[in-house]
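Here are some short exercises to work through with the model open beside you. Try each task before reading its solution.

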Amino acid sequence: MKKKKEVLTKAWLIIIILFLIQLYIDGNILEISSYNIYSDKIGESFNNTIIIQLSDLHSKEFGENNINLISKIDDIAPDFIVMTGDMVSSKDTNFNVFLELAKELASKYDCYYIVGNHEPDLPNNDYNYIMNSLDSYGIDVLDNEKVELIKGNDKINLYGLWYNVKFYFDTDLLNVGHIEKILGEDSDDTFDLLLTHNPIYFDVYNEWGADLTLSGHVHGGMIRLPIVGPLFAAERTLFPKYSQGEYKSENASMIVSRGLGNGNNGFRLFNRPEINVITLKSK
């Protein structure tokens, strides 16, 4: 009997150790996810343009001064970088981890930023400090606005959309009329790339006219299980519809990042932090 208890104790100890190792891997070992986006709206000048999407850092650090994250980005050498919100957390009082990363990336690459749901919850002084810092680094903060990316004779419209957090909880609130009021009408003949933190309104983004939407927010569902898939949405609901990877609807796509950090008191299981690499392809 005593020997049986010892075997069980050792077995449980091994399980706990393996579980802790898995938690460490899923919280700290970066994964690169690559996607090719094809469209006849992508002009030849933008063919093979490489975009890196970073999302939901939540002040997470990958190596000292984020050297591991920066090294992977430098190996890819993107044409530009987009950050799709929640790069800090609402409970943060020190923003140096993110701001030092942003400053380093902006010194090498064109960078575009939108806020998620955490940044607007910060005290006004902190929020303004972050936005002013990003501006001083040369990062384009898209505050419900559009910039035109021009290369040769071709153009891409890059939009940044954010909205009140109440829209995160009532999924029937947002409609095309809201987006048109905020961003204007889409352009039919130009490739429209939409950055917006919450993926839940994919159908609305498509109806408005986004050719490609880049989102985050869901953290990959925190826990991902075989067959079951993602377990949790950020709004504490179960089995989110959009949690990671590429989703398609007719001629439009949405790519949802699993994000980099964990948020307030969050964790990851079978759900590694990721860098999304999107390559634009002209048909």
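**Exercise 1.** Find which residues Ile32 touches, not counting residues up to four places away in sequence, and decide how exposed Ile32 is.

*Solution.* Start with the neighbours: in this predicted model, Ile32 touches Lys72, Ile76, Ile275 and Val277 once residues up to four places away in sequence are set aside. Next, place the residue: Ile32 belongs to strand β1, which covers residues 31–39. Then look at the relative accessible area, which is 37%. Buried means under 20% and exposed means over 50%, with partly exposed in between, so Ile32 is partly exposed. Finally, try a distance: Ile32 and Asn264 are 232 residues apart along the chain, and their C-alpha atoms are separated by 24 Å.

**Exercise 2.** Locate Ser59 and work out whether Ser59 is buried or exposed. Which side chain does the side chain of Ser59 join in a polar contact of 2.6 Å?

*Solution.* First, go to the loop between β2 (49–54) and α2 (67–76), where Ser59 sits. With a relative accessibility of 17%, Ser59 counts as buried. Now turn to the side chain: a polar contact of 2.6 Å links Ser59 to Asp92. To complete the surroundings, leave aside neighbours within four places in sequence; Ser59 is then in contact with Met87, Val88, Ser89, Asp92, Asn94 and Val97.

**Exercise 3.** Do the same kind of survey for His118: where is His118 placed, and which residues is His118 in contact with, leaving aside neighbours within four places in sequence?

*Solution.* Begin in the loop between β4 (110–114) and α4, which holds His118. The relative accessibility is 13%, so His118 counts as buried. Leaving aside neighbours within four places in sequence, the contacts of His118 are His58, Asp86, Val88, Ser89, Ser90 and Asn264.

**Exercise 4.** Describe how helices α3 and α4 cross, and which residues make their contact.

*Solution.* Take the axes first: those of α3 (residues 96–106) and α4 (residues 124–137) come within 9 Å and cross at roughly 20°. Angles under 35 degrees count as roughly parallel, so α3 and α4 are roughly parallel to each other. The crossing of α3 and α4 is right-handed. On the α3 side, the contact is made by Phe98, Leu99, Ala102, Lys103 and Ala106, and on the α4 side by Tyr129, Ile130, Ser133, Leu134 and Tyr137. Sorting the residues of this contact gives eight nonpolar, one polar and one charged.

Technical notes
Residues are numbered from 1 along each chain as its sequence is written. This is a predicted model: local features need pLDDT of at least 70, side-chain atom pairs count only at pLDDT 80 or more; totals for chains, interfaces and linings use all residues. Side-chain values use heavy atoms; hydrogens and water are left out. Axes are lines fitted to C-alpha atoms, for helices over the stretch in contact, and angles run from 0 to 180 degrees between N-to-C directions. Helices (H or I, at least four residues) and strands (E, at least two) are DSSP runs, numbered from the N terminus. Angles under 35 degrees count as roughly parallel, over 145 as roughly antiparallel, 65 to 115 as roughly perpendicular and the rest as oblique. A crossing is left-handed if the near helix is turned anticlockwise from the far one by less than a right angle, and right-handed if clockwise. Contact means heavy atoms within 4.5 Å. Ala, Val, Leu, Ile, Met, Phe, Trp, Tyr, Cys and Pro count as nonpolar, Asp, Glu, Lys and Arg as charged, and the others, Gly among them, as polar. Buried means under 20% relative accessible area, exposed over 50%, partly exposed in between (1.4 Å probe, protein chains only). A polar contact is a pair of N or O atoms within 3.5 Å; within protein, one must be able to donate a hydrogen and the other to accept it, and residues adjacent in sequence count only if both atoms are side-chain atoms.
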